[in-house]
Amino acid sequence: MHPEEYTSTIPRDWRMNLTSQVAEYMQNRFREEIFKGPRALPNTSIPVPLLCRADRVIAVIVQAYQHPVIVNTVRHGKTLDTVASLHYQEINIPTVVLNANGNVRLWYLPGAISHAYQKDIWNSLHSLRRPLTESLNRYCPRGWRNDRELFHQAADLKGSLDLSPAWYQQGHGPPNFHPEVSKLLKSRNAHMGARGWVNDMSEFHSLLSGTLSVIHPRMYEAGREVLIRLNDLANRRDDADMRSILPIWSSVYNSVSIMVNRATPYHIDINGREPWLDMLVTVGEYQPLDFVIPTLELRLRYMPERTSVGWDDAN
């Protein structure tokens, strides 16, 4: 799909309309700060607290833009060499990481989310307590995402969830199958809390999508277009679950993974493609840690309120 094909209009009752308004404001604010563009004036329908949060994110993006770091990609480095990782370059301030060709590898945005807002985000997870707890009982002999050994044993709340308004079930890809709503977002599972959480966190996901619109406009536009076109698919296939979840899904990403009080081992996401960007947001209180990226020989200070956006295969 080419950018000139992004012509779909967002349905009037969708939360994605707020996302578009926030994205336009954040893009204009960035141009105002970096390129001395005209003063950015927000759409009056954007809540004032959300505008303040958007301004905070833009301030951190501007800092990162003004602090580029160039690294080389190590495609076949040892990903389990903990001793070697101690000698990797550590980054602890807002930074945009580039390769030798000047292409963005990742954005590191510590401080993008205030302590007060991250507390609200953390508290929202309690509405997912039941599915999070049940996720620990899922067994996958070759997987680690729900491995009990990786979760903080003393934590009151822990687990791992994946939510999507439309994705292909494992082993059921195109062209013989169609995307479906993930299990927890199906109408029959509304009592599990996932739909309510998506609805309650719509402003937060609009903010994250607005962030993507600044640092990767083409991916933002493509994601937005795909979500809108899914509505046509839902209507053609008479998919009531998809029709009912799309109006409250405000992210241009088509899936959200929630990991609570879990360590993550070294791994490579084999489904990643250049130049796609994933987004990782951390909230909560914990001791200073490092997020290690062996393929870039980098250590990012892993602190609360940190936002990182990077290529899938950079992890």
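In which helix does S20 lie? S20 lies in helix α1, and this predicted model lets us follow that residue out to its neighbours. S20 is buried, because its relative accessible area of 18% falls under the 20% cut-off. Leaving aside neighbours within four places in sequence, S20 touches I10, Y220 and R224.

**The chain as a whole**

Let us step back for a moment. The protein chain has nine helices and 10 strands. Of its 315 residues, 47% are buried. Among contacts with a separation of 6 or more, 74% join residues that are 24 or more positions apart.

**Helix α8 and its two partners**

Two of the contacts of S20 lead us to α8, since Y220 and R224 belong to the α8 side of its contact with α1. Two packed helices are described by the angle between their axes and the distance between the axes. Here are both helix pairs that involve α8:

| Helix pair | Angle between axes | Axis distance |
|---|---|---|
| α1 (residues 16-34) and α8 (residues 217-236) | about 165° | 12 Å apart |
| α7 and α8 | roughly 130° | within 5 Å |

How do α1 and α8 run relative to each other, roughly parallel or roughly antiparallel? Their angle of about 165° is over 145 degrees, so α1 is roughly antiparallel to α8. The crossing of this pair is left-handed. On the α1 side the contact is made by M16, T19, S20, A23 and Q27, and on the α8 side by P217, Y220, R224 and L227. By class, these residues are five nonpolar, three polar and one charged.

The pair of α7 and α8 crosses at roughly 130°, which makes α7 oblique to α8. In this contact, S209, L212, S213, V214 and I215 of α7 meet P217, M219 and Y220 of α8. The contact of α7 with α8 has six nonpolar and two polar residues, with no charged ones. P217 and Y220 appear here and also in the contact of α8 with α1.

**Two helices checked for length**

How far apart are the end C-alpha atoms of α7? They are 20 Å apart, and this agrees with the expected span because 14 residues (202-215) at 1.5 Å a residue should cover 20 Å. Helix α7 is mostly covered, with 13 of its 14 residues buried.

Helix α2 (residues 48-65) passes the same kind of check: its 18 residues should span 26 Å, and its end C-alpha atoms are 26 Å apart. The buried residues of α2 are L50, L51, A54, V57, I58, V60, I61, V62 and A64. What do these buried residues pack against? Their partners are α1, α7 and the strands β1 (68-70), β3 (95-98) and β4 (104-110).

**Two loop residues with positive phi**

Finally, two backbone angles are worth a look. Most residues other than glycine have a negative phi. K36, which is not a glycine, has a positive phi of about 55°. This lysine sits in the loop between α1 and α2. K36 counts as exposed because its relative accessible area is 67%, over the 50% cut-off.

The other case is E297, also a residue other than glycine, with a positive phi near 50°. E297 lies in the loop between β8 (289-293) and β9 (298-302). Is E297 buried, partly exposed or exposed? With a relative accessible area of 41%, E297 is partly exposed.

Technical notes: Residues numbered from 1 in each chain as written. Predicted model: local features only at pLDDT ≥ 70, side-chain atom pairs only at ≥ 80, totals over all residues. Heavy atoms only, no water. Helix = DSSP H or I, 4+ residues; strand = E, 2+ residues; numbered from the N terminus. Expected span 1.5 Å × (residues − 1). Buried < 20%, exposed > 50% of the residue type's maximum accessible area, 1.4 Å probe, protein only. Axes fitted to C-alpha atoms, helices over the stretch in contact; angles between N-to-C directions. Parallel < 35°, antiparallel > 145°, perpendicular 65-115°, else oblique. Left-handed = near helix turned anticlockwise from the far one by under 90°. Contact = heavy atoms within 4.5 Å. Nonpolar A, V, L, I, M, F, W, Y, C, P; charged D, E, K, R; others polar.
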